[in-house]
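Q: Please take a close look at one part of this model, the second chain, and then place that part in its wider setting.

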Amino acid sequence: MENLVLQALSGLASASSLFLVASGLTVIFGVTRIVNFAHGSFYMLGAYLAWTFVTTLPRGHLGFWGGVLAAALLTGMIGVLVEVLILRRIYRAPELFQLLATFGVVLVVQDLALLTWGAQDLLGPRAPGLRGGTEILGLRFPDYELFLIAVGPVVLGLLLLLFHRTRWGTLVRAATQDREMVGALGVNQRWLFTSVFFLGACLAGLGGALQLPRESVNLHMDLAIITEAFVVVVVGGLGSLAGAALAALLIGELHAFGILVLPKITLVLVFLVMALVLVVRPHGLLGRAPGPPVGGANTAEPVIRPAPPALRWLGFVALAAAVALPPFFGDYALSVLTEIAIFVLFAASLHLIMGPGGMASFGHAAYFGLGAYGAALAAKWLAAPMEVGLLLAPFAVGVFGLLFGWFCVRLSGVYAAMLTLAFAQIAWSIAFQWVEVTGGDNGILGVWPDAWASSKLVFYYLTLALCLAATLLLRRIVHAPFGYALRAQRDSALRSEAIGIDAFRTRWLAFALAAVMAGIAGGLFAYAKGSVFPTFMGIPRSVDALIMVLLGGVQTLSGPIIGALAYTGLQEQLVRLTDYWRLVLGLSIIALVLFFPQGLAGAARSAWEARRGDA
Amino acid sequence: MDATGGDMTGWVIGRRQALAGAAAALAAPGIGQAQGEPIRIGEINSYTAQPAFLLPYRNGWTLAAEQVNAAGGINGRRIETIHRDDAGKPEDAVRLAGELANAEKVALLSGGFLSNVGLAIADYANQNRKLYVASEPLTDALVWSRGNRYTFRLRASTYMQSAMLVEEAAKLPARRWATVAPNYEYGQSAVRWFKELLTRAKPDVTFVAEQFPALGRIDAGATVQALAAANPEAIFNVTFGADLTNFVRQGLTRGLFERRRVVSLLTGEPEYLDPLQDEAPENWIVTGYPWEQINTPEHTAFRDAYRRRWNDYPRLGSVVGYDTVIAIAAMLRKSPSLDTEAMVDAMQGLQFGSVFGPVEFRGIDHQSTMGAYVGRTVLRNGKGTMADWRYADGKNYLPPDDVVRALRPQT
């Protein structure tokens, strides 16, 4: 009994820490609609800055608490810097595009933190006055954890006061409900956005700084916290502070008690919770369904037209080069080209649901990875030849696509995207944990192509043929009646329903189709690499796909192709050129975002149309 | 430093330094800089994902390569390393292995920190008949269940390090044990071996609780409380890095370690002990590397050379990086040519002088006999270190040959 009480208290302390980070994220999202990947970086910066301040300032209460506050405020200023220098310039870009910029910031901060604070984990001093423990029911509990338990509700109370008792807070709440209306009423949105970003980054920084007496400060803090913070925000309901608090409480306590029953559950628990909550409540615990989109036709995306002749010619030239040149390349160039072809299909498959489908996915790697595992498991357990494995993989993935898709496409926006992430993480944890079948994180080895395709050149042509056919099929589908239906339901679900399009079924089939295509890419990837690992369906792989599509441009059909080429090529080159490739890649992404807010292909199209004068 | 390692070119070590270095035994006095086409080594590691361990590793590697070259290289040819960062992704490591083998024309592959990255490179090496000298990955699968002709591993494996600790754990009076390990292959195997070997040594032990926090994401308070609730007499810990730091902090404040013995893998390594500063736990039985106390001639020479070159003290990673190069150099001297099969034959049973003493790459499973230091942790001058330590030679902590043959696929 005593133990259970203490376990509950431990859960409360974790919940409190989680809430601090999540509250900042939810406030930023509520007003600016930005999916801020860099929030974890703010958290990490808060912790590092606090370490620097606390260890340089004189010891004692002033040095410690002053250092923590200074770190939070400075992190807030860094947030302002990011907002003013980068995000402010791209608010008009398509939804989710800002995500790309924040991803660039994540990469830059990772390398800058390594350069500034070094690779070794840093341990901060304990909080003065809160070093020891208190006896509770005969067991010792740390004072600092008790303090943390109190901090969460206090911050929640202060935030609620701020939002409900000040003019600024009223404006923020108004903007969370209807940004355009607030703008129309003459409120300076720039100032509002910047101040909200300051507050959000401040809260993340405070969350990080307060971990100092509890945890070591290290370079993995950003990614460790960001997914969990997103889960809390989404489970609570986007933009809802009370929801975030409730969700943090739920997850903190489930964690604390979950490990008593199933010690290995920590890998997947938060995602199970999120999946359950979103299936039952599509807008989170306390989130409100957004009103119907204003103006229907006004929000329609640009119509996709057949490619202009010049683009066709360019495509033919590129294709001819892809077919004719490789015999003159070495093995390494061939394996890079093989990889690029695979990623083109992977990105194109995601593009089907993101562009024409109008749904975002943060978990598309699930289908890529399932395809790879399908092929590898067929080879390992059925001793199937490569052809069978490559054929079997997309079918298996299609089944999962139908299953997961049925849940995901009922949701919209970030909620749907986060549910795809939840399913991807569940699939990932099964691959990771079911060691007897999947080999766990050591993966499945020895998945090499059959003898006839073992030469790099033959395998490249095989990959090119399959990926090209699949990518062209995806293009064709967008122009087919099904594609029209898909685009119609994206632009106005109500109107398309009215003319007899089953929006749910259309989205569902598109989702499954995208999964099948990703499965083909995954199966090929397994044979290209000779081995399969859970990382194939990890979050970074999903993010890669997202980056490729966004970088290329969501609203053009060539976007994913260009994006996959640019991102894979850039990364491959940078890794070979410099140890600080993350810094350069991050800066490149930020630069591309600033100069081409329509994506690379989108920018090319605008330039083309402007020159021909038919924009 | 650029990724190609080209900055080594201008570095010429003085003769006195070379003689003082551990390579002194190999250095023929009077031989100047190496001549001829350099021998290229491809090295892949998770530099951006695991910098805390791998920066000292890289320094150790560079130091050894400089010493080898200053002592005349390999039969007059310099060695040159091309480093690549796999960012912790095995699929990227496979691509880079292809790049190094096909585009950079390296003679052999090396590196690897994460087990799955090591296995991916090993499988590539097997498929493409390229020698792979794995430096760091600990997984037993690398030389046993998934071992192959082309893969050799330097560092003491999970099994070996667990066996070293079981020897000490069996001497303790404790019967009720709890375990805590990161939830991935390394943690799972370590716990499995520890349980199996300890039960064999002391049949009356029971395991009353186990915790498997996700790697790098330990919820330390809840984990500590859950372990305390089971009231074990002793704890076997496998967490390391940030997880370890957080676990120790919460454990100390909550009194988990009072009146309990803790047996802990890798905790004595400076990489993991030093960040804990004056909060390093005392009296834990650990494997590690008490770098400031080892005064054998080989180690003293290495330590002095390392401090001169990098103005920093060596970590265990430095030793691993350094010894990998020394082992490769010894193999290159022994091998008649740079042909892969010849080099593989040279690696079989290769003996070389490591920083820790003589080491052999066993023919039976391609595992080196490099050992580890076993001792208990103490606080000295506000820093954690090891006391009452001894060198556990790896060759004494491997299963009998018939067991190894059963574990490893025989061709």
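A: What follows goes from the chain as a whole to its domains, then to one helix and one loop residue, and ends with the partner chain.

The model is a predicted one. Chain B contains 13 helices and 14 strands. Its radius of gyration is 21 Å, close to the 22 Å that the globule rule gives for 411 residues, so chain B is as compact as a globular protein of that length. Taken along the principal axes, the C-alpha atoms of chain B fill a box of roughly 65 × 50 × 35 Å. Of its 411 residues, 62% count as buried. Contacts within chain B can also be sorted by sequence distance: among those between residues at least 6 apart in sequence, 70% join residues at least 24 apart.

The domain assignment splits chain B into domain 1, made of 6-157 and 294-360, and domain 2, made of 159-293 and 372-407. Their C-alpha centres lie 29 Å apart. Where the two domains of chain B meet, 19 residues of domain 1 are in contact with 18 residues of domain 2. On the domain 1 side, the elements that give two or more residues are helix H2 (51-70) and helix H11 (316-334) of chain B. The largest share of that side, 3 residues, comes from H11(B). By class, the domain 1 side has 11 nonpolar, 5 polar and 3 charged residues.

Helix H4 of chain B covers residues 115-128. At 1.5 Å a residue, its 14 residues should span 20 Å, and its end C-alpha atoms are 20 Å apart, which agrees. An α-helix has 3.6 residues a turn, so residues three or four places apart point the same way. In H4(B), burial takes in 12 of the 14 residues, and the helix is mostly covered. The buried residues include B:Ser115, B:Asn116, B:Val117 and B:Gly118. Further along, B:Leu119, B:Ala120, B:Ile121 and B:Ala122 are buried as well, and so are B:Asp123, B:Tyr124, B:Ala125 and B:Asn126. Just after H4(B), B:Arg129 takes a positive phi of about 50°.

A loop residue of chain B can be examined in the same way. B:Leu154 lies between strand E5 (151-153) and helix H5 (158-169) of chain B. Why does B:Leu154 count as buried? The cut-off is 20 or more other C-beta atoms within 10 Å, and B:Leu154 has 26, so B:Leu154 is buried.

Leaving aside residues up to four places away in sequence, B:Leu154 touches B:Val133, B:Ala134 and B:Ser135, among others. Its contacts also include B:Val320, B:Asp323, B:Thr324 and B:Ala327, as well as B:Ser368 and B:Met370. B:Asn102, by contrast, is 52 residues from B:Leu154 in sequence and 25 Å away in space, C-alpha to C-alpha.

The setting of chain B includes its contact with chain A. This contact takes 57 residues from chain A and 58 residues from chain B. On the chain A side, the elements that give two or more residues are helix H1 (2-32), strand E2 (139-142), helix H10 (241-261), helix H13 (331-354) and helix H23 (559-577) of chain A. H1(A) gives the largest share of that side, 7 residues. By class, the side of chain A that touches chain B has 22 nonpolar, 22 polar and 13 charged residues.

Chain A itself has 25 helices and 4 strands. With 615 residues, a compact globule would have a radius of gyration near 25 Å, and chain A has 25 Å, which agrees. Its C-alpha trace spans about 70 × 60 × 50 Å along the principal axes. Of the 615 residues of chain A, 57% count as buried. Among contacts in chain A between residues at least 6 apart in sequence, 79% join residues at least 24 apart.

The assignment for chain A gives domain 1 (2-259) and domain 2 (330-538). Taken over C-alpha atoms, the centres of these two domains of chain A are separated by 35 Å. Between them, 5 residues of domain 1 are in contact with 4 residues of domain 2. The domain 1 side of this contact in chain A divides into 5 nonpolar, no polar and no charged residues.

Notes:
Residues numbered from 1 in each chain as written. Chains lettered and ligands numbered in written order. Predicted model: local features only at pLDDT ≥ 70, side-chain atom pairs only at ≥ 80, totals over all residues. Contact = placed C-beta atoms within 7 Å. Domains from an automatic or database assignment. Nonpolar A, V, L, I, M, F, W, Y, C, P; charged D, E, K, R; others polar. Expected span 1.5 Å × (residues − 1). Rg over C-alpha atoms; globule rule 2.2 N^0.38 Å.
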